[in-house]
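Opened a new page for this one. I want to jot down what I look up as I go.

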Amino acid sequence: MKHINNQKGLNSIWTDSLARNLHPDGNALVDHLKTVHQEHAGFTEACASSCRDEAGRNSYEWLAELVPDNEGSRVLDLACGSGPLLKILFDRNKNLNLKGIDMCPEELALAKTRLINSGVNLIESKAQNLSVINDNSIDIVLCHWALTLMNPIAPVLDEVRRVLTSEGQFVALVDGPMNAAPGYTEVHNLIYSYVQEEIPNYGEIDLGDPRIRGSESLSNLAHKAFPEANVTIETNVVSMEGPVTQVAEIAAGFFYAAFVLKPEKRKLMIKNLSDILVTSKESTDAERQGRFSMPISRLLVVPDIK
Ligand SMILES: C[S@@+](CC[C@H](N)C(=O)[O-])C[C@H]1O[C@@H](n2cnc3c(N)ncnc32)[C@H](O)[C@@H]1O
């Protein structure tokens, strides 16, 4: 039985399993992600579009710039969520052939509203089974901030490979190395310390396949799934500044772990987080300014054409 209400934090089969010292399986993971996204649809977009790199790009724009503007290019946004990346691509070039897939109906509903009359094809499906898409039918598969959540991951990469043409590319935005952004490790550790008071082994076991979180293990996985391709990983940092409580809320939104906190504990965590992120000396929270920086990486898998 799951609960999301004002008294309890968020419960799912995944958190119940963790609390009983078990290792949650793929179905428990799906249940957890659907529970979070059902209640907080659109939260990723709210956080990710607020943070920009030194060149002024948010992470969607950083990923979108790898999509060539060729007429009729067939693009699949895997785990498209509420559709911000598809919207950027559609606004840039109405002649792209765009598809989005996600397993969460509440996120897809937001995507459908914003992409109404665009002709973008939005499909509810799991990334591990893309049977709705033909072999060799896609020129570029994008995946923004979702690969980290997928377990098992091997079938996802196999499906990406199957649907791509022989010249096709796979581009994914994932969390970058923690030490690439100033202060990020401190933010991470603070949030997890609160979460671990409720579920001690959250963190030791986390959402998705841990290999996606390390650049070397991610590169190895990609090489294994795409043996003839060139694999590169680039790192960048996106940041936001503003009233410190707002910055702390956005920062916490990047951590799924923070959703399991009960409201009172979450409030305390946000207060503590604000103290870490503060950059000015004003006396009230409303006046104080803060800054949060987040490391991101861009995985690029392209065919090795000699
Ligand atoms: C962090 S959100 C990212 C959404 C969107 N790409 C964005 O960046 O705004 C993760 C999304 O991945 C989806 N997702 C996670 N695992 C999935 C899977 N195995 N198959 C399909 N969708 C999945 C979730 O439903 C959610 O919409």
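Before I start on the strands: I call two strands paired if DSSP finds at least two bridges between them. Also noting that this is a predicted model.

**Entry 1: strand S5**

I went to S5 and asked what it pairs with. S5 and strand S7 (residues 289-303) pair in the antiparallel sense, over six bridges. I picked out one position here: Phe 170 stands opposite Val 301 in S7. Then I looked at S4, which pairs with S5 in the parallel sense, again over six bridges. On that side I found Ile 140 opposite Gln 169 in S5. I followed the chain from S4 through H7 to S5, and this β-α-β crossover is right-handed.

Is S5 enclosed or open? I checked burial, and nine of its twelve residues are buried, so S5 is largely enclosed by the rest of the structure.

**Entry 2: helix H7**

Next I took the helix of that crossover, H7 (residues 154-163). Which of its residues are buried? I get Val 156, Leu 157, Glu 159, Val 160 and Val 163. I noted that a glutamate, Glu 159, is on that list. These residues sit on the same side of H7, because they cover an arc of only 160 degrees around the axis.

I then looked for what covers them. The cover includes strand S1 (74-78), strand S4 (138-144), strand S5 (164-175) and helix H9 (215-225). So both S4 and S5 turn up again here, as part of what covers the buried residues of H7.

**Entry 3: around the ligand**

I moved on to the ligand and its 22 surrounding residues. Those that come nearest are Ala 79, Gly 81, Cys 104, Ala 127 and Ala 146. Helix H2 (26-39) and helix H3 (43-48) are the elements that give two or more residues to the shell. H3 has the largest share, with three residues. I also sorted the shell by class, and I get twelve nonpolar, six polar and four charged residues.

**Entry 4: Cys 47**

Since I was at H3, I stopped at Cys 47, which is found in that helix. Buried or exposed? Cys 47 has 21 C-beta neighbours inside 10 Å, and the cut-off is 20 or more, so I wrote it down as buried.

Which residues does Cys 47 touch, leaving aside its neighbours within four places in sequence? I find contacts with Ile 250, Gly 253 and Phe 254. I looked at Glu 249 too: Cys 47 and Glu 249 are 202 residues apart in sequence, and 8.8 Å apart in space, C-alpha to C-alpha.

Conventions. Residues are numbered from 1 along each chain as its sequence is written. This is a predicted model: local features need pLDDT of at least 70, side-chain atom pairs count only at pLDDT 80 or more; totals for chains, interfaces and linings use all residues. Helices (H or I, at least four residues) and strands (E, at least two) are DSSP runs, numbered from the N terminus. The arc is that of the directions from the helix axis to the C-beta atoms. Two residues are in contact if their C-beta atoms, placed from the backbone, lie within 7 Å. A residue is near a molecule or strand if its C-beta atom, placed from the backbone, lies within 6 Å of it. Ala, Val, Leu, Ile, Met, Phe, Trp, Tyr, Cys and Pro count as nonpolar, Asp, Glu, Lys and Arg as charged, and the others, Gly among them, as polar. A crossover is right-handed if, with the strands pointing away from the viewer, the path from the first strand over the helix to the second runs clockwise.
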